[in-house]
Amino acid sequence: MTTDSTRTDAEMWDDRYRESDRIWSGNPNVVLVREVEGLGPGRALDLGCGEGADAVWLARWGWHVTATDISRVALERAAVHAAEAGVADRIDWQWHDLGASFPEGEYDLVSAQFLHSMGDLPREAILRRAASAVAPGGVLLIVGHAGFPSWEHDHPEMELPTTDEVLASLELPEGEWEVLLSEEHERIQNDPDGNPTTRTDNALKVRRRPADR
Ligand SMILES: C[S@@+](CC[C@H](N)C(=O)[O-])C[C@H]1O[C@@H](n2cnc3c(N)ncnc32)[C@H](O)[C@@H]1O
């Protein structure tokens, strides 16, 4: 991260997670739930899985999940949540700095939920790699923030692209993909004092067309 050049991004994210026992809500992301409920379970890849709420939710719905993060603290915590939920056998937790390495395999769903960092995150390249990991007929779901919350300073180094910009940066081969969803939406999030405020996020869902029979 740029805030302290002597520490790696992994160390900075570990420190962030150590700030409290749980830094995210423990609930799966709303857009993931909405967009995946209609899909049959298969193989899923969760990029930047954090404390694992999405991976656990997917596993509960029968998906076989590979979930990856740069923070070992987050991954250990996520594995505990999966064990508590009784789905540990359906989730493979993998440590990756996604700018440097990427999980092997092909997936029916690749999900990147709020894959943002103040660190050195080559997001566009990672998302292009994510698209290449989608199996024929599979879906890539990318959800991100469209702006900074009122209580935070802007971080110019952090990429917050529109869905059109994300789509363009994916460089998907003409005719091989279809756009199922491209939207900006608002949601309520509590500020650090517990007051509800509105945040704007965006979501892109694209599907790789099935191979010709
Ligand atoms: C804003 S959090 C989102 C976590 C989770 N997807 C969610 O929606 O609750 C971003 C996550 O990306 C992870 N991350 C940041 N840089 C990464 C990298 N280079 N490789 C893998 N994961 C990274 C962080 O550790 C963090 O868990």
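This is a dialogue on how to read a predicted model with a bound ligand.

Biologist: Which pLDDT limits apply to this predicted model?

Modeller: Local features need pLDDT of at least 70 and side-chain atom pairs count only at pLDDT 80 or more, while totals for chains, interfaces and linings use all residues. Residues are numbered from 1 along each chain as its sequence is written, and side-chain values use heavy atoms, with hydrogens and water left out.

Biologist: In which sense do strand 1 and strand 2 pair?

Modeller: Helices (H or I, at least four residues) and strands (E, at least two) are DSSP runs, numbered from the N terminus. Two strands pair if DSSP finds at least two bridges between them. Here strand 1 (residues 43-47) pairs with strand 2 in the parallel sense, over five bridges. Ala44 stands opposite Val65 in strand 2. On strand 3, Val65 has Ile91 as its bridge partner; strand 2 and strand 3 (residues 91-95) are also parallel, over five bridges.

Biologist: Which handedness do the β-α-β units have?

Modeller: A crossover is right-handed if, with the strands pointing away from the viewer, the path from the first strand over the helix to the second runs clockwise. Strand 1, helix 3 (residues 53-60) and strand 2 form a right-handed unit. Strand 2, helix 4 (residues 72-85) and strand 3 form a right-handed unit as well.

Biologist: Is strand 2 mostly covered or mostly uncovered?

Modeller: Buried means under 20% relative accessible area, exposed over 50%, and partly exposed in between (1.4 Å probe, protein chains only). Of the six residues in strand 2 (residues 64-69), five are buried, so by that definition the strand is mostly covered. Ala59, in helix 3, counts as buried because its relative accessibility is 0%. Ala59 and Arg90 are 31 residues apart in sequence, yet their C-alpha atoms are 5.9 Å apart in space.

Biologist: How many residues surround the ligand, and which are closest?

Modeller: A residue is near a molecule if one of its heavy atoms lies within 4 Å of it. The ligand is surrounded by 17 residues, and the closest are Tyr17, Asn29, Gly48, Asp69 and Gln113. By class, the shell holds eight nonpolar, seven polar and two charged residues. Ala, Val, Leu, Ile, Met, Phe, Trp, Tyr, Cys and Pro count as nonpolar, Asp, Glu, Lys and Arg as charged, and the others, Gly among them, as polar.

Biologist: Which backbone atoms lie by a nitrogen atom of the ligand?

Modeller: For a ligand, a polar contact is a pair of N or O atoms within 3.5 Å. A polar backbone atom of Gly48 is 2.7 Å from a ligand nitrogen. For a backbone N or O atom of Leu98 the distance to a ligand nitrogen is 2.9 Å, and for one of Gln113 it is 2.8 Å. Taken alone the ligand exposes 600 Å², of which the protein buries 93% (Shrake-Rupley method, 1.4 Å probe).

Biologist: How many bridges join strand 7 to strand 5 and to strand 6?

Modeller: Strand 7 (residues 196-208) runs antiparallel to strand 5 (residues 134-145), with seven bridges. Val139 has Arg207 in strand 7 as its bridge partner. Strand 6 (residues 177-190) and strand 7 are antiparallel too, joined by 13 bridges, and Arg187 stands opposite Arg199.

Biologist: Where does a residue other than glycine take a positive phi?

Modeller: Phe114 has a positive phi of about 55 degrees and sits in the loop between strand 4 (107-113) and helix 5 (123-132). Glu171 has a positive phi near 55 degrees and lies in the loop between helix 6 (163-170) and strand 6. Glu171 is exposed, because its relative accessible area is 58%.

Definitions and conventions. A polar contact is a pair of N or O atoms within 3.5 Å; within protein, one must be able to donate a hydrogen and the other to accept it, and residues adjacent in sequence count only if both atoms are side-chain atoms.
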